[in-house]
Amino acid sequence: MRAFVPPIFCVLVLIPASILAGEPLSQKRYSIKHDDPSTGTHVARDRIVGSIPLDKRYSELTREQQDAFKSQYEQMAENDEPPFPVDGLGPLYKGIAEVHKQFLRRGFGLGADGFLALHVQVDSQGKATSVSAYQSPDPEMTKYAAAVAMFTKYKPAVCGGHPCAMVFPIRIELMSRR
């Protein structure tokens, strides 16, 4: 006899530092939809939601969007740039969303929802060298999310016109919907 497991939907909500600091956030929202709509509807729900375009490289962001992303860093000169995923935020967050979805299926969704805060150390060649977790709903989920972050290729940070090592922050809320 097979047990019926209800479909599990997970949503990643990107949390910019401006929210955590209580600053106003731009009204524009960007999202990536689930591949398939939920049972009973033809409308695909949002899978990933953020205030910065998820499908653009850092160089393709507007000046305002770049400044919004740079606001996560305390002291960054006008012409300096933070590290950023080479293919944009979408593939990185899709990877974490997929890990979350598989984790929920395996663990029946227990303890996997909540805030995930990681810092990815990116070297001057754009390679992730380490990941530190500062908040997580589950240690096992953290391990898999860190692996996704480690395999992501980054544009290195720019300090004084030269590539440099810097931390790339990941702050997301993992949510499942049944």
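A disulfide is taken here as a pair of cysteine sulfur atoms within 2.5 Å. In this predicted model, a search of the whole structure on that basis returns one disulfide. The bond is formed by Cys 159 and Cys 164, whose sulfur atoms lie 2.0 Å apart. The torsion about the S-S bond of Cys 159 and Cys 164 is about 50 degrees, and the disulfide is therefore right-handed. The two cysteines fall into separate accessibility classes: Cys 159 has a relative accessibility of 29% and so counts as partly exposed, whereas Cys 164, at 13%, counts as buried.

The secondary structure of the chain comprises four helices and 10 strands, and from the N terminus on these elements follow the order β-α-β-β-α-β-α-β-β-α-β-β-β-β. The chain has 178 residues, of which 43% count as buried. When contacts between residues at least 6 apart in sequence are considered, 67% of them join residues at least 24 apart.

The largest nonpolar core contains 33 residues, and the members that touch the most others are Leu 92, Ile 96, Val 120, Tyr 154, Phe 168 and Ile 170. Two or more residues of this core are given by each of the elements α3 (89–107), β5 (114–122), α4 (139–151) and β10 (166–177). Helix α3 provides the largest share of the core, with seven residues.

Helix α4 was examined in more detail. For its 13 residues, a rise of 1.5 Å a residue predicts a span of 18 Å, and because the end C-alpha atoms are 19 Å apart, the expected and modelled lengths agree. The buried residues of α4 are Met 141, Thr 142, Ala 145, Ala 146, Val 148 and Ala 149. Viewed down the axis of α4, these buried residues fall within an arc of 155 degrees and therefore line one face of the helix. An α-helix has 3.6 residues a turn, so residues three or four places apart point the same way. On the face of α4 turned away from the buried side are the exposed residues Pro 139 and Phe 151. At the start of α4, a side-chain oxygen of Asp 138 comes to within 2.8 Å of the backbone nitrogen of Glu 140.

Within helix α4, Thr 142 has a relative accessible area of 11% and, because this is under 20%, is classed as buried. Apart from neighbours within four places in sequence, Thr 142 is in contact with Leu 116, Leu 118, Ala 133 and Ser 136.

A similar analysis was made for helix α2, which covers residues 63–70 and whose buried residues are Gln 65, Gln 66, Phe 69 and Lys 70. Because these residues cover an arc of only 135 degrees around the axis, they are placed on the same side of α2.

Pro 156 occupies the loop between β7 (154–155) and β8 (157–159). Although Pro 156 and Phe 84 are 72 residues apart in sequence, their C-alpha atoms are 7.0 Å apart in space. When residues up to four places away in sequence are not counted, Pro 156 touches Pro 82, Pro 83, Asp 123, Ser 124, Gln 125, Gly 126, Pro 163 and Cys 164. One of these contacts of Pro 156 is thus with a disulfide residue, as Cys 164 is paired with Cys 159.

Note on methods. Residues are numbered from 1 along each chain as its sequence is written. This is a predicted model: local features need pLDDT of at least 70, side-chain atom pairs count only at pLDDT 80 or more; totals for chains, interfaces and linings use all residues. Side-chain values use heavy atoms; hydrogens and water are left out. Buried means under 20% relative accessible area, exposed over 50%, partly exposed in between (1.4 Å probe, protein chains only). A nonpolar core is a set of buried Ala, Val, Leu, Ile, Met, Phe, Trp, Tyr and Cys residues joined through side-chain atoms within 4.5 Å. The expected span of a helix is 1.5 Å times one less than its number of residues. The arc is that of the directions from the helix axis to the C-beta atoms. A polar contact is a pair of N or O atoms within 3.5 Å; within protein, one must be able to donate a hydrogen and the other to accept it, and residues adjacent in sequence count only if both atoms are side-chain atoms. Contact means heavy atoms within 4.5 Å.
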